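Morning, everyone. Please look at the screen, and I'll walk you through this one.

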Amino acid sequence: MNGPSPLPPPPVAEGGIVSRFATFTVNVYVTVLRIALRNTLRQRRRSGVAILAIAFGVIAMMLAGGFIEWIFWASREGTAVTQIGHIQVVKPGYHRDGQSDPYAYLLPATVPGFSALERDPDIRAIAPRLNLNGLISHGDSTLTFLAMGVDPARDPSLLYLIIPEGEKLKPDDPEGILIGTGLAANLGVGVHDRVVLLANTASGGIHAVEARIQGLASTSMKAYDDTMLWVPIELARRLVRVSGAHVWVVSLHDTARTDAVHARLVGALSGFEVTPWHRLADFYNKTVQLLSRQIDVVKLIIATIILISITNTMTMNVMERTVEIGTAMALGARRRRVLGLFLVEGTALGALGGLLGVVIGYGLAELISYVGIPMPPSPGMSRGFTAAIIITPQIVVQALALAVVTTLLASLYPAWRASRLVIVDALRRNR
């Protein structure tokens, strides 16, 4: 009589197989990485030189990129805030044809929708501007001027003006004006002197008003300082006998929010042309294009240095470990395993050098920014400035990616050469 039939083995859950397979795969990669790190650290001098070369390249890229990033930031804020404003609201066609017939594109003195827009949390202020030109006289001296009629309480261009002498415009002083330092020197006037402003009116006549110099202003742009006036908008309106403005300037708390606020304004202000600052800042856009190409050249040079350094290091590793590679393949290691091992070693060098470069580069950037970089006046500027270095997450990611990807590419040929060794020739290399 047969005994009871044995029980079948318990079923293995599919999730358990997947989990064990995943664990096995992770262990394999961890083992390969451990072996690669051990091989990398075995030749300390050569690996150290390669890591330092990679770190040096990363540091150079971070400092150069951070300096260019600061220039972009300073130019962006100077252009967006002090000259153009974050967003400009004008009559359609003003930016195209307004220079030839400015008074045909006057906006009304008040726009009903602006009161609601000023409650937007992203908007700091909305201010009118009236552009005009004419003659300024003091005694026997008469010069031409470009003027901007501004709201002394709300216009962003007044916030960052440098006033070496005198005071800024005051809302309760309708006759006080600011004059560019170059124009003041050429005209021979100073603070508290009285001048006469003469301009063509909107109807084609000529009108003059008397004003008092409240202060001398500087924008660091010599061309501006030699011609510019900043006058209260009510005085400008009285001079050219109008009641409106050419531009309504929308000033934001954060320049990064320009596109989002611009999209909302386009929907809220029908019948007006709403333009963000970056469409009007031609000089800034060309500066970004020029410096971006220069930093690309720096990246190419750094990548070339890393390629040469890592290729040399990995090639020497293959030559010195020829017998070791032949032994491993004789014991059953596949060629793709050898290829992968050398690629991981190269990537490990890039990661170690990249991390070291990021740490040192960030520290140097903070130190240099704390001390400051004194810069001489650029062409067309009236004074120098103190620069700094801004390290953004994008710069860090690009530096690490450059280090890792370049070392990986540099390791391809040495790794392929190691994987194609003939076992017999490799084993008798040192005999």
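By class, how many nonpolar, polar and charged residues does the lining of the largest cavity have? Keep that in mind for a moment. One caution before we start: this is a predicted model.

Now, the inside. Rolling a probe the size of a water molecule over the atoms shows where empty space is left. Here the count comes to 1 cavity of 30 Å³ or more. Its volume is about 30 Å³. Who lines the largest cavity? The residues are L132, F145, A147, L197, V209, L229, V231, L235, A236 and L239. Three elements give two or more residues each to that lining: strand 3 (141–150), strand 8 (228–232) and helix 7 (233–240). Helix 7 has the largest share, with 3 residues. So, back to my opening question. The lining has 10 nonpolar residues, no polar ones and no charged ones, because Ala, Val, Leu and Phe count as nonpolar.

Next, the outside. There is a nonpolar patch on the surface, about 830 Å² in area. Which residues make it? They are L52, L356, V359, I360, L364, L367, Y370 and V371. Helix 11, residues 335–371, supplies the largest share of this patch, 7 residues. Now pick out L52. That residue sits in helix 2, which covers residues 44–84. Is L52 buried or exposed? Its relative accessible area is 55%, so L52 is exposed, the cut-off being over 50%.

On to charges. How many salt bridges does the structure hold? The number is 12. I'll take three of them in turn.

Start with R96 and D97. Their side chains meet in a salt bridge, 3.2 Å from N to O. R96 is exposed, because its relative accessibility is 66%. D97 is at 29%, so D97 counts as partly exposed.

Then R154 and D151. Their closest N and O atoms are 2.9 Å apart, and the two form a salt bridge. Why does D151 count as buried? Buried means under 20% relative accessible area, and D151 has 15%. R154 has 32%, so R154 is partly exposed.

Third, D282 and K286. This salt bridge has its closest N and O atoms 3.2 Å apart. Find both partners in helix 9, residues 282–320. They are 4 residues apart there, about one turn of the helix. D282 is partly exposed, at 45%. K286 is exposed, at 52%. Salt bridges can also share partners: D120, D122, R257 and R264 are joined into one network that way.

Last stop: V266. Look for V266 in helix 8, residues 258–268. Its relative accessible area is 43%, so V266 is partly exposed. Now find V89. How far apart are V266 and V89 in sequence and in space? In sequence, the separation is 177 residues. In space, it is 9.5 Å, C-alpha to C-alpha.

Quick recap. Inside, the cavity lining has no polar and no charged residues. On the surface, helix 11 gives 7 residues to the nonpolar patch. For charges, remember the 12 salt bridges. And for the fold, remember V266 and V89, 9.5 Å apart in space. Thanks, that's my slot.

Notes. Residues are numbered from 1 along each chain as its sequence is written. This is a predicted model: local features need pLDDT of at least 70, side-chain atom pairs count only at pLDDT 80 or more; totals for chains, interfaces and linings use all residues. Side-chain values use heavy atoms; hydrogens and water are left out. Patches are made of residues with over 30% relative accessible area and no salt bridge: like charges are joined within 9 Å, nonpolar side chains (Val, Leu, Ile, Met, Phe, Trp, Tyr) within 5 Å. Accessible areas come from the Shrake-Rupley method with a 1.4 Å probe; for residues, only the protein chains shown count as cover. A salt bridge is a side-chain nitrogen of Lys or Arg within 4 Å of a carboxyl oxygen of Asp or Glu. Buried means under 20% relative accessible area, exposed over 50%, partly exposed in between (1.4 Å probe, protein chains only). On a 1 Å grid over the protein atoms alone, a cavity is a set of points where a 1.4 Å probe fits but cannot get out, and a pocket is an open set with protein on both sides within 12 Å along at least five of seven lines; lining residues have an atom within 4 Å of a point. Grid points are joined across faces, edges and corners, and a volume is the space filled by probe spheres set on the points.
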